[in-house]
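This report describes how some helices and strands are arranged in one structure. Please look at the sequence and the model before reading on.

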Amino acid sequence: MLFDTHAHYDDARFDDDRDALLSAMPENNVGLILNPGCDVPSSRKAVSYAQKYPFMYAAVGIHPENIGADWEQALSLLRDLAQNEPKVRAIGEIGLDYYWEKDERARARQQVVFRRQMELAETLHLPVIVHDRDAHSDCLAITRQFPAVTGVYHCYAGSVEMARELLQLGYYLSFTGVITFKNARKAVEVVRATPLDRLMIETDAPYMAPEPFRGRRNSSLYVHRMAEAIAQIKGLPVEEVERVTTENGKRLFRIES
């Protein structure tokens, strides 16, 4: 059984066939899916899917690209969701994204919102799902400030050295279709250096479709490709990678069934 630990089914690209697609997951060996929110509307949708499908769970959060002027009010609403909905299992997707944002004041605001959501996770005893794009140093610095919080760095793109520190802090590392790309040398090195019991797999659907599906709309139906890639990198049976990465996700997000 596979666990897609990060997929955005609230995206409009699923509007035409969302129910049919999700209903087909169990028969395609996808036993669990976690849908993180990026703002209040997407977080509410994630919760609604978790309520409808027994195999789905939700996270709620403000993505660094979705920080609005009313972010403090949004954070209050997300706190209520996290406290009152039992299938919310993490605060996320949160973090820093400097790829598009070059303004130092806007970057500083991202850091403030990231810290506030780390505080929320600490208060609610929930793990976090961290987005780190071109912000490795600042992400790691803020993560260090919250030693009581653990979680996963999703679509991990940092160095082996940063990965080792995150592992010491109790974090998991999750990988998307990038590890199936021919030029994914750094990600492959990190997978080699990371113990299997600290790895998770994800699609980040509808983005980041793996080979040989690159360029298509991604979905959890392709999450097996990440398990296959990790198995090849580590020289392990695919079934072992499927089993352990699923157990890792269940452990982090406290899913018993």
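In this predicted model, helix 8 (residues 224-234) and helix 9 (residues 238-252) have axes that come within 8 Å of each other. These axes cross at roughly 115 degrees, and the crossing is right-handed. On the side of helix 8, the contact is made by Ala227, Glu228, Ile230 and Ala231; helix 9 contributes Val238, Val241 and Glu242. By class, the residues of this contact are five nonpolar, two charged and no polar.

Helix 8 also meets strands. Helix 8 lies across strand 1, strand 7 (172-175) and strand 8, and runs at about 145 degrees to strand 8.

The angles given for helix 8 are set out below.

| Partner of helix 8 | Angle |
|---|---|
| Helix 9 | roughly 115 degrees |
| Strand 8 | about 145 degrees |

What is the order of the strands in the sheet? The sheet is open, has eight strands and follows the order 1-2-3-4-5-6-7-8, with parallel pairing. Its edge strands are strand 1 (2-4) and strand 8 (199-201), each of which pairs on one side only. From one strand to the next, the twist averages 25 degrees.

At one edge of the sheet, strand 1 pairs with strand 2 (residues 30-36) in the parallel sense, over three bridges. Within this pair, Asp4 stands opposite Ile33 of strand 2.

Taken together, helix 8 touches both the edge strands, strand 1 and strand 8, and is in contact with helix 9 through residues including Ala227 and Val238.

Conventions: Residues numbered from 1 in each chain as written. Predicted model: local features only at pLDDT ≥ 70, side-chain atom pairs only at ≥ 80, totals over all residues. Heavy atoms only, no water. Pairing = 2+ DSSP bridges. Helix = DSSP H or I, 4+ residues; strand = E, 2+ residues; numbered from the N terminus. Axes fitted to C-alpha atoms, helices over the stretch in contact; angles between N-to-C directions. Contact = heavy atoms within 4.5 Å. Left-handed = near helix turned anticlockwise from the far one by under 90°. Nonpolar A, V, L, I, M, F, W, Y, C, P; charged D, E, K, R; others polar.
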